[in-house]
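Here's a quick tour of one model, taken topic by topic. Have a look at it first, then read on.

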Amino acid sequence: MVINEYVKCNSCGTLINLRAQASGSPSPFSIDCPVCSSNISGIMDEQEEQTDKYFGLIDITNAKVVNPPETSDSFYSFELSTEFLTRKVIKKDNTSFELTPFIRNAFTPLTTTNAIQNAYIFYNYIADHKWERLMNLIELNINGNQKYIIDPLNNILKESNSALKKVNSPLEITVALHQILLTDSGLAFSFGVSELGDYIKHAKILVDRKKEIKNYVINNLATITIQLKDFNQGFIKLISEFASLYQQFIPVIAFRSYNNIDELDLDKLGITTLNYEQINSFYSHSYEFILKNLDIIFVLNNLFSRGDASKYPHGKSLEQFNKISAYNKISEMISSEPFSRPLKSLKNKIRNAITHYDVSLDRNKQLITYQDRKKSQQLYYVELANLCLENVSLSFYLNELFYTLEKFQSNINNVPFNPELKGIFTDKA
Ligand SMILES: [Zn+2]
């Protein structure tokens, strides 16, 4: 159902129509009056009056609500939806006929596949307070407080898709929490179930070369222990921030699950409910997190391609490699080596512009201009959201690699593990 609200700009009196596809979640918006550029923001959401529930405007700044216009009066129309990509602002009047976002997308893969339902699994996981409970257990685990985890975790495992049904040892706790994160939360739908499968395959390559990896972990145990704690803390912080912004990503997540963002006409389609400042800052944090933890890919490639963790690509030693700036390390990566990934979503100029607050915006076109020194680059909201999701994906890849190292570390430290479970630690190594 589409709900129409009409407001008048407080500064110039322009009539504006907010046309929202009603849903169970709030639709925040921030638009510019197309005539005088005053920023008008607010929220449309479900509300209750006595026993009636209806969807409508619950908050507005710089404009006031007015009655629907006479048929011939023209107005500017903005479309809002938390599920679908929406058309950008147009001028129309009440005689113009327009399909709703829902009807426009009916019988497309967006509604015939489970794209939207899948994107909502993690949203509901958060709404049901399961996410905050999982985060609490993961944090307790990182901080070594396993005694508080076992009982609540065993309770969660009764209803979980995890292969583990009961935990006793710290390693079992880590494995169970990892599996719940990947299988129960629905987070994998945000970056791609097939990508996750690919990451798990890469982790399996490590397991297949057990002896070399084990020797590497034994020889670097102290460093790896510090790196692991650091990585785990950073990863949890990053995905918690992602969870807090998750709703804004839903239209892009649903679309990406069956098609390429490049296929979209982004001059016309966008997400009016996206807060670009929050998403910019998430982009920046995800960029920093990945660059900080990228060395693991090089170390593993060194081990697998050159048989020595400290032999870097292009004949470089560890010392030479460490002199390269974090961003320039990306160009050292040899794409054909086993653990390399495309890192196109790491855009130095965009991150620099965000850090220096050199960012300007055309709100109604949903077009952001990033200025880094004399060079500028433009991104639509949808493209920015897509880059963030690529970064989330890369972070999960790194998480899979570190998680595998953590299992080796626990094995070396003789942490017991349920021998009935299939895995790398079923034999006495
Ligand atoms: Zn105005």
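A donor here is an N, O or S atom within 2.8 Å of the metal. Keep in mind that this is a predicted model. With that in hand, we can start at the metal site and then move on to the cores and a bent helix.

**Zinc site**
- Four cysteine sulfurs hold the zinc ion at 2.3 Å: the SG atoms of Cys9, Cys12, Cys33 and Cys36.
- The angles among the four donor atoms run from 102 to 114 degrees, and the site is tetrahedral.
- Along the sequence, the donor residues follow the spacing C-x2-C-x20-C-x2-C.
- Cys33 counts as buried because its relative accessible area is 1%, under the 20% cut-off.
- Cys36, at 30%, is partly exposed.

**Nonpolar cores**
- The largest nonpolar core takes in 113 residues, and Trp131, Leu153, Phe249 and Phe396 have the most contacts inside it.
- Helix α16, spanning residues 381-412, gives the most to this core, with 18 residues.
- A second core, separate from that one, has 16 residues, including Phe29, Ile31, Met44 and the zinc ligand Cys33.
- Leaving aside residues up to four places away in sequence, Trp131 touches Phe122, Tyr125, Ile126, Leu181, Leu187, Ile239, Ser240 and Ala243.

**The bent helix**
- Helix α10 covers residues 221-256, 36 residues in total, yet its end C-alpha atoms sit only 40 Å apart.
- A straight helix would reach 52 Å at 1.5 Å a residue.
- Where is the kink in α10 centred? It is centred on Tyr246, and the kink is about 70 degrees.

Note on methods. Residues are numbered from 1 along each chain as its sequence is written. This is a predicted model: local features need pLDDT of at least 70, side-chain atom pairs count only at pLDDT 80 or more; totals for chains, interfaces and linings use all residues. Side-chain values use heavy atoms; hydrogens and water are left out. Donors are N, O and S atoms within 2.8 Å of the metal (3.2 Å for Na, K and Ca); water is not among the atoms, so sites may look incomplete. Four donors count as tetrahedral if all angles lie between 85 and 135 degrees; four count as square planar and six as octahedral if opposite donors are over 155 degrees apart and all others between 65 and 115; anything else is irregular. Buried means under 20% relative accessible area, exposed over 50%, partly exposed in between (1.4 Å probe, protein chains only). A nonpolar core is a set of buried Ala, Val, Leu, Ile, Met, Phe, Trp, Tyr and Cys residues joined through side-chain atoms within 4.5 Å. Helices (H or I, at least four residues) and strands (E, at least two) are DSSP runs, numbered from the N terminus. Contact means heavy atoms within 4.5 Å. The expected span of a helix is 1.5 Å times one less than its number of residues. The bend at a residue is the angle between axes fitted to the seven residues ending there and the seven starting there.
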